[in-house]
Amino acid sequence: MVLTTTNLAAGESLPCTFASRYVRTSLPRFQLPDCSIPKEAAYQIINDELMLDGNPRLNLASFVTTWMEPECDRLIMSAINKNYVDMDEYPVTTELQNRCVNIIAHLFNAPIGEDETAIGVGTVGSSEAIMLAGLAFKRKWQNRRQAEGKPYDKPNIVTGANVQVCWEKFARYFEVELKEVKLREGFYVMDPEKAVEMVDENTICVAAILGSTLTGEFEDVKLLNDLLAEKNKQTGWATPIHVDAASGGFIAPFLYPELEWDFRLPLVKSINASGHKYGLVYAGVGWVVWRSKEDLPEELIFHINYLGADQPTFTLNFSKGSSHIIAQYYQFIRLGYEGYKNIMENCVENARILKEGIESTGRFDIVSKDSGVPLVAFKLKDSSQHTVFEISDSLRRFGWIVPAYTMPPDAEHVAVLRVVIREDFSRSLAERLVADINKVLLEIEALPSRIAKIAAVTSEISGNDGTVPKKSVDEVQKEVITFWNRLVEKKKTNGVC
Ligand SMILES: Cc1ncc(COP(=O)(O)O)c(C=O)c1O
């Protein structure tokens, strides 16, 4: 990289803020550059490159918050230089975290007194929260097995095949087998009966999801609790439940307060929720709370004292920012129960508007349910000519990021589009999206079918006697999905989150 400004005297500012006037060669990509550059130039160069990122507000793939009030943005910026782990130096920030844990534990009906301190911790997201909860279950199960003189080297977790990738990470990183209940067409969440059938003496917990990542649907935690309690009674085991309420944890208490999914159910020992999803804070905060002190083995808690007083820590990393904890507390006191309820109701209403608009095209079947996380997942009624992957691709041109994906086993042949409704996805944006989906449908329907082309190519390859073997609709569909998956994978590194 060559800058014409290298002969500027120290402290002299650039005459112009447009960095392109000063950069003559490619920017460093692999090695630290030899020379410094003026701050204005560095800012402009990076800012310009970032303009090519998608617009977060139009990223309908993500549950993660993309808008907060300017007052909270100010609080976030003023705490940006505070390391959360320095608890002795920043006791107020620590206190705000503890208040958040207490508020969440009460929201999830933990059996604690009015002024009693809850057991939980702030994390960087639900993934870290799940790792911690999983470790606590693993250690408790190992301790029990060891005390009984039984083998404790083959722990497993029972989940639905719809679990988010963080559970697979937990299983691989911490050597726990993941036993997945398969899905089927039309039923995209864990079946509690099948889950309980899969439980054995090595099961450290059953993980239920409150708000499936794929369809937003809540799993039936109450039924799971009742069936598992019965099995525990028969077998003498004590298999517990963890609820992955990454999305649903900040929805159910406001929209479905009567729904029993949380610590009201005796086998639910821990719950995670993403503060950065419907907790309404920017990316970087999650929570895990335990039912009681007994559910978090003491040996997993570390005590450090070199930063000041004795500090208990139970997190995977050490240093992290404080801003998100502060932002979470801001949302709690700013919105209160009333504010969260209003926002969630509004999201549900916007999901309804969008769903009706999508249905009115006549081309889609809705896969998501009306209750659960406010999102709309939909599939093409007829995918013999075009696919949801083409629609997702074409919507990009209008700025919309709408993911298309296939369902997990055994429903892989079902491909859907999914729009997550966040607070900042207003009714007018929903109406606009429907208009753009209609435009895209007209456009792709005017094009020759790529499916027919792919089917023809694959048929040509497989027919060695000059005849074109006739393929079933399912076979063609499978080939098309494989083709698009490969194409999409090449372009995207992120899955649905
Ligand atoms: C059900 C579920 N669990 C866990 C996660 C991971 O959450 P995080 O992104 O907060 O780590 C997600 C993310 O979408 C999710 O939907």
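The following is a conversation between a biologist and a modeller about a predicted model of one protein chain with a ligand.

Biologist: What does the secondary structure of the protein chain come to, and what share of the residues is buried?

Modeller: The chain has 13 helices and 13 strands. Of its 497 residues, 41% are buried. Among contacts between residues at least 6 apart in sequence, 71% join residues at least 24 apart.

Biologist: Why are helices H4 and H5 called oblique to each other?

Modeller: The axes of H4 (residues 126-147) and H5 (residues 165-173) cross at roughly 40 degrees and come within 9 Å. Angles under 35 degrees count as roughly parallel, and 65 to 115 as roughly perpendicular. The angle of roughly 40 degrees falls in neither range, and H4 and H5 are therefore oblique. Their crossing is right-handed.

Biologist: Which residues make the contact of H4 with H5?

Modeller: H4 gives Ser 126, Ser 127, Ile 130, Met 131 and Gly 134, while H5 gives Cys 166, Trp 167, Lys 169 and Phe 170. By class they divide into 5 nonpolar, 3 polar and 1 charged.

Biologist: What makes Met 131 of helix H4 a buried residue?

Modeller: Met 131 has 21 C-beta neighbours inside 10 Å. The cut-off for buried is 20 or more, so Met 131 counts as buried. Leaving aside neighbours within four places in sequence, Met 131 is in contact with Phe 170 and Leu 316. Phe 174 is 43 residues from Met 131 in sequence, with 8.5 Å between their C-alpha atoms.

Biologist: What makes H2 roughly antiparallel to H9?

Modeller: Helix H2 (residues 70-78) packs against helix H9 (residues 323-360) at an angle of about 150 degrees, with the axes 8 Å apart. Over 145 degrees counts as roughly antiparallel, which is why H2 and H9 are given that description. The crossing of H2 and H9 is right-handed.

Biologist: Which residues make the contact of H2 with H9, and how do they divide by class?

Modeller: Cys 72, Leu 75 and Ile 76 of H2 meet Ser 323, Ile 326, Ala 327 and Tyr 330 of H9. The contact has 6 nonpolar, 1 polar and no charged residues.

Biologist: Glu 175 and Leu 280 each have a positive phi without being glycine. Where is Glu 175, and why is it called exposed?

Modeller: Glu 175 is in the loop between H5 and strand S3 (177-181), and its phi is about 50 degrees. Glu 175 has 11 C-beta neighbours inside 10 Å. A residue with 12 or fewer is exposed, so Glu 175 counts as exposed.

Biologist: How do you know whether Leu 280 is buried or exposed?

Modeller: Leu 280, whose phi is near 70 degrees, lies in the loop between strand S6 (268-274) and strand S7 (286-290). There are 27 other C-beta atoms within 10 Å of Leu 280. The threshold for buried is 20 or more, so Leu 280 is buried.

Biologist: Which residues does the cis peptide bond join?

Modeller: The cis bond joins Pro 409 and Asp 410, with omega about -5 degrees. Asp 410 is in the loop between strand S12 (404-406) and strand S13 (415-420).

Biologist: How many residues surround the ligand, and which are the closest?

Modeller: There are 14 around the ligand, and the closest are Gly 125, Ser 126, Ser 127, Thr 213 and Ala 246. By class, the shell has 5 nonpolar, 8 polar and 1 charged residues. Ser 126 and Ser 127 are also among the residues of H4 in contact with H5.

Terms used. Residues are numbered from 1 along each chain as its sequence is written. This is a predicted model: local features need pLDDT of at least 70, side-chain atom pairs count only at pLDDT 80 or more; totals for chains, interfaces and linings use all residues. Axes are lines fitted to C-alpha atoms, for helices over the stretch in contact, and angles run from 0 to 180 degrees between N-to-C directions. Helices (H or I, at least four residues) and strands (E, at least two) are DSSP runs, numbered from the N terminus. A crossing is left-handed if the near helix is turned anticlockwise from the far one by less than a right angle, and right-handed if clockwise. Two residues are in contact if their C-beta atoms, placed from the backbone, lie within 7 Å. Ala, Val, Leu, Ile, Met, Phe, Trp, Tyr, Cys and Pro count as nonpolar, Asp, Glu, Lys and Arg as charged, and the others, Gly among them, as polar. A residue is near a molecule or strand if its C-beta atom, placed from the backbone, lies within 6 Å of it.
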